Amino acid sequence: MPTRDSASTRRRLLRAASELFAERGYERATVRDIAARAGVNQALLFRHFGSKRALFGQVVSHDGQEQLRGTPPERLVETVLASMLAPPASDGDSAGSGRCLETLLRSVGSADEVSAAVTALGDDYARALASLSDADDNRLRGDLALSWLVGIGLMRVVVGRQPLADADADDVTSLVVSTLGHLLEGMAPHQGPSPV
């Protein structure tokens with residue numbers, strides 16, 4: 001029984017941390033607030049993860065790798081956009097891959113450990129995107145595609161720039177997928193609204 005409770009506590013802490021890091025960024029999400037949102041004592045956070053830094057690394061790695069594992073490369077751009085452009089789930093369960101980019105965007109420029117996590121995950125995404133092109137400069141193309149996705153996320157999620165912040169997710173996705181299709185020849189065409 002303690003093992004089940006321990007696993008449940010760990011999942012609640014990861015979910016709470018994912019939400020708070022996405023909402024506030026690494027620096028402003030406190031251990032106290034993460035533990036409170038998870039409904040546990042701060043000591044349990046340290047018992048399960050050791051530090052806020054280690055917890056952040058787990059959140060970024062889990063969310064990003066979950067999205068990469070579950071998405072064929074030719075659908076990665078559309079999937080990233082769908083998770084980034086969709087409003088939070090109405091049931092409050094907004095943890096998971098949909099929060100990954102928002103978490104990273106709100107945490108860029110923070111401590112070294114955050115920068116290292118962002119760099120490692122960015123490398124994985126850039127490799128997946130580069131695999132969609134047979135061109136000699138496919139690595140550059142992957143970096144350009146990733147840079148555009150991050151820029152879109154930054155302007156929509158963090159800056160709230162209009163009209164992008166309120167634009168229909170399907171309209172944005174259609175335009176981006178169509179344009180990036182010229183850069184990454186192996187992308188699948190946009191198929192309309194995507195469930196998140």
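These questions and answers walk through a predicted model of a protein. Residues are numbered from 1 along each chain as its sequence is written, and side-chain values use heavy atoms, with hydrogens and water left out. Because the model is predicted, local features need pLDDT of at least 70 and side-chain atom pairs count only at pLDDT 80 or more, while totals for chains, interfaces and linings use all residues.

Reader: Hello! How many helices and strands does the secondary structure come to?
Author: Happy to help. Helices (H or I, at least four residues) and strands (E, at least two) are DSSP runs, numbered from the N terminus. Along the sequence the pattern reads α-α-α-α-α-α-α-α-α. The count is nine helices and zero strands.

Reader: Which residues have the most contacts inside the largest nonpolar core?
Author: A nonpolar core is a set of buried Ala, Val, Leu, Ile, Met, Phe, Trp, Tyr and Cys residues joined through side-chain atoms within 4.5 Å. Buried means under 20% relative accessible area, exposed over 50%, partly exposed in between (1.4 Å probe, protein chains only). The largest such core has 43 residues, and those with the most contacts inside it are Phe21, Ile34, Leu55, Val77, Leu81, Leu129 and Val176.

Reader: Is Leu76 of helix 5 buried or exposed?
Author: Contact means heavy atoms within 4.5 Å, and beyond four places in sequence Leu76 touches Leu68, Thr71, Tyr125, Ala128 and Leu129. Its relative accessible area is 2%, so Leu76 is buried.

Reader: Why is helix 5 described as roughly parallel to helix 8?
Author: Axes are lines fitted to C-alpha atoms, for helices over the stretch in contact, and angles run from 0 to 180 degrees between N-to-C directions. Angles under 35 degrees count as roughly parallel, over 145 as roughly antiparallel, 65 to 115 as roughly perpendicular and the rest as oblique. The axes of helix 5 (residues 76–85) and helix 8 (residues 138–159) come within 11 Å, and their crossing angle is roughly 10 degrees.

Reader: Which side chains make polar contacts with the side chain of His190?
Author: His190 lies in the segment after helix 9. A polar contact is a pair of N or O atoms within 3.5 Å; within protein, one must be able to donate a hydrogen and the other to accept it, and residues adjacent in sequence count only if both atoms are side-chain atoms. For the His190 side chain, one partner at 2.5 Å is the side chain of Asp170, and another, at 2.7 Å, is that of Glu78.
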